[in-house]
Amino acid sequence: MTTNRTFTMIKPDAVAEGHSGSIIKMIEEAGFRIIAVKKVQLTAERAGQFYAVHRERPFYQALCDYMSSGPIIPMILEKDNAVADFRKLIGATNPAQAEEGTIRKLFAKSIEANAIHGSDSDENAKIEGDFFFAGLEQY
Ligand code: GDP
């Protein structure tokens, strides 16, 4: 049922400021079930692997430094139409452009420190979920 799953991470700024509980509550109230969850801190190198697609972008190094600056909470989530519905719940990349009531509008500090990640396709949801959880118990 890969198409009914997405992958998310609560990012270092939101974890550090104690917003993870509020964010998980919003996720569950929106109808997503948590399939896998943990709290980890990435090295800059590992963050670079996760965001390799952005390797040529000017903000790549800053993004890797930020994403390895503190613990994050990666999760695999399940719900009908998970990828699209979750992108709607989190809002636009830049919180200044995010809709009212979205997670980024409520909790993001900047276009970089934007509180939460959400996969942009079923294919990437599977790749990103496996990045953090493959090899562990079945999920
Ligand atoms: P997303 O799919 O909404 O997360 O956005 P992207 O895939 O385009 O970018 C990945 C992540 O890189 C974003 O969530 C931000 O944390 C960061 N990012 C995106 N655009 C910028 C930018 O213009 N400047 C900086 N500093 N960070 C950015």
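## Ligand contacts

In this predicted model, an oxygen atom of the ligand lies 3.0 Å from a side-chain N or O atom of His54. The side chain of Thr93 also takes part, with one of its N or O atoms 2.5 Å from a ligand oxygen. At Glu112 the backbone is involved: an N or O atom there is 2.8 Å from an oxygen atom of the ligand. The ligand exposes 550 Å² when taken alone, and the protein buries 79% of that area.

## Pocket and shell

The ligand occupies the largest pocket. Besides His54, Thr93 and Glu112, the residues around the ligand include Lys11, Tyr51, Phe59 and Leu63. Arg87, Arg104, Ile111 and Asn114 also belong to this set.

Sorted by class, the shell contains 4 nonpolar, 3 polar and 4 charged residues. Among the nonpolar members are Tyr51, Phe59, Leu63 and Ile111. Lys11, Arg87, Arg104 and Glu112 are among the charged members, while His54, Thr93 and Asn114 are among the polar ones.

## Salt bridges

The model has 7 salt bridges. One of them pairs Lys109 with Glu17, and the closest N and O atoms of this pair are 2.8 Å apart. Lys109 and Glu17 are 92 residues apart, and their salt bridge links distant parts of the chain. Lys109 is in the loop between helix 6 (103-107) and strand 4 (116-118). Glu17 is in the loop between helix 1 (12-16) and helix 2 (20-29).

How values were computed: Residues numbered from 1 in each chain as written. Predicted model: local features only at pLDDT ≥ 70, side-chain atom pairs only at ≥ 80, totals over all residues. Heavy atoms only, no water. Near = heavy atom within 4 Å. Polar contact = N/O pair within 3.5 Å; in protein donor to acceptor, adjacent residues only side chain to side chain. Areas by Shrake-Rupley, 256 points an atom, 1.4 Å probe, with all protein chains shown as cover. 1 Å grid on protein atoms, 1.4 Å probe; cavity = no way out; pocket = protein on both sides within 12 Å on 5 of 7 lines; lining within 4 Å. Sits in = over half its atoms within 2 Å of the grid points. Salt bridge = Lys/Arg side-chain N within 4 Å of Asp/Glu carboxyl O. Helix = DSSP H or I, 4+ residues; strand = E, 2+ residues; numbered from the N terminus.
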